[in-house]
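Biologist: I'm new to this structure and would like a close look at a single part of it. Could you pick a spot inside and walk me through what surrounds it?

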Amino acid sequence: AYEIYQCDWSSDVCASDLVNPLKICDECETPKAKFSLRTSPLSMADPFHPNVTVGAEYYLVRNQAIGLDFSFLLDQINQTNKTSFGFIIKPTYKFFIKNDNCGKFLELDAFWKKVQYPNYNSWLGMEPVNNIPTYFKLTDYTIEKDVYGINIKLGNKFSLFSNKIFVESYIGIGARTIRYNIKEYPNLNLFMNADLFQRQTQTDKTYWGISIPAGFRIIVPVK
């Protein structure tokens, strides 16, 4: 017969700690670093504008952080065989539901996306008199798209590799406004068949829409 020695089995240990350095716990330890770097790998698979995103965040207090992400849009060929490029700037505010900087959180972000589509051309009225062109010239121009929006997201943060790397997954809902314009020539009436031109280029109009942001981020504490 064997006698089992009396032990304290209440120790808070993840089962994965015993077999695997890849530690994923229900509650991760609080990172001591207030400053972290972060990136979003799935941004390169964005179906509309693939981009490379890098950012940073700073903890104001134990369960609140502010952050800033910058995205560089990769060159992409659209339906008219024109390339596009641009950037996204996104400040964020994050609040962890528990009094900790791990686990479930709410995040509010606002963003500005700037996209340019160069290498278009059309007939532009030259030397106008009383807003009536004297003659028309085939002219190159660039279409610009400005997107402004705000999102609220619910996410979860957990640790990998003994709290050396963290991963956040999130999903949310937001609203955005989209505006197109001609970079070089703000007076669209000077283009030949101005009404048709504006409809085809979607310029001089504002569009509103709903978005559903979702994805994940990799976070590395620095100091």
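Modeller: Before we zoom in, one term: pLDDT is the predictor's confidence in each residue, on a scale from 0 to 100. You need it here, as this is a predicted model. The chain has a mean pLDDT of 80, with 78% of its residues at 70 or more. Confidence varies from element to element: strand 1 (residues 35-39) has the highest mean, 94, and helix 1 (residues 16-19) the lowest, 46. Over residues 7-27 the pLDDT is below 50, and this stretch makes 21 contacts in the model beyond near neighbours in sequence. Let's leave that stretch aside.

A quick overview helps with finding your way. The chain has 2 helices and 9 strands, and from the N terminus on they run α-β-β-β-β-β-β-β-α-β-β. Of its 223 residues, 39% are buried. Take the contacts between residues at least 6 apart in sequence: 63% of them join residues at least 24 apart. As for the outside, the accessible surface comes to about 14100 Å², and carbon and sulfur atoms account for 61% of that.

Now to the spot I'd pick: lysine 94 and what lies around it. Lysine 94 belongs to strand 4 (residues 83-96). Is lysine 94 buried or exposed? Its relative accessibility is 1%, so lysine 94 counts as buried. The cut-off for buried is under 20%, if you'd like to check that step.

What does the side chain of lysine 94 do in there? One partner is glutamate 57: the two side chains are joined by a polar contact of 2.9 Å. Another is phenylalanine 105, since the charged end of lysine 94 sits over the ring of that residue, 5.3 Å from the ring centre. Leaving aside neighbours within four places in sequence, the residues in contact with lysine 94 include Arg38, Tyr59, Asn63, Glu168 and Ile219. Glu107 and Arg217 are also among them, and those two take us to the next stop.

Glutamate 107 is in strand 5 (residues 103-126). Glutamate 107 is buried too, as its relative accessibility is 1%. Its side chain and that of arginine 217 are joined by a polar contact of 2.7 Å. So what else does glutamate 107 touch, not counting residues up to four places away in sequence? Lys94 is there, as you'd expect from the last stop, and so are Arg38, Thr92, Tyr93, Asn151, Ile152, Lys153 and Arg217. Notice that Arg38 and Arg217 are in contact with lysine 94 and also with glutamate 107. If you're turning the model on your screen, these residues are handy landmarks.

Lys153 from that list is worth a pause. The charged end of lysine 153 sits over a ring as well, that of tyrosine 170, and lies 4.5 Å from the ring centre. So this neighbourhood gives you two charge-over-ring arrangements to look for: lysine 94 with phenylalanine 105, and lysine 153 with tyrosine 170.

While we're on rings, let's step away from the lysines for a moment. The structure holds 7 aromatic pairs. One of these is tyrosine 180 with tyrosine 207, an edge-to-face pair with 6.2 Å between the centres and 85 degrees between the planes. Tyrosine 180 is in strand 7 (residues 165-182) and tyrosine 207 in strand 8 (residues 206-211), so this pair ties together parts that lie 27 residues apart in sequence. At 14% relative accessibility tyrosine 180 counts as buried, whereas tyrosine 207, at 31%, counts as partly exposed. Ring pairs also link Phe70, Phe87, Trp112 and Tyr148 into a cluster.

One last stop, this time in a loop. Serine 43 sits between strand 1 and strand 2 (51-61), and at 12% relative accessibility it counts as buried. The side chain of serine 43 reaches the backbone oxygen of asparagine 51 at 2.9 Å. Beyond its neighbours within four places in sequence, serine 43 is in contact with His49, Pro50, Asn51, Val52 and Thr53.

To get back to where we began, find lysine 94 in strand 4 and follow its side chain to glutamate 57. From there, glutamate 107 and its polar contact with arginine 217 make a good second view.

Note on methods. Residues are numbered from 1 along each chain as its sequence is written. Side-chain values use heavy atoms; hydrogens and water are left out. Helices (H or I, at least four residues) and strands (E, at least two) are DSSP runs, numbered from the N terminus. Contact means heavy atoms within 4.5 Å. Buried means under 20% relative accessible area, exposed over 50%, partly exposed in between (1.4 Å probe, protein chains only). A polar contact is a pair of N or O atoms within 3.5 Å; within protein, one must be able to donate a hydrogen and the other to accept it, and residues adjacent in sequence count only if both atoms are side-chain atoms. Rings of Phe, Tyr and Trp (its six-membered ring) pair if their centres lie within 6.5 Å; planes under 30 degrees apart count as stacked, over 60 as edge-to-face and the rest as tilted. A charge sits over a ring if NZ of Lys or CZ of Arg is within 6 Å of the ring centre and within 35 degrees of the ring normal. Accessible areas come from the Shrake-Rupley method with a 1.4 Å probe; for residues, only the protein chains shown count as cover.
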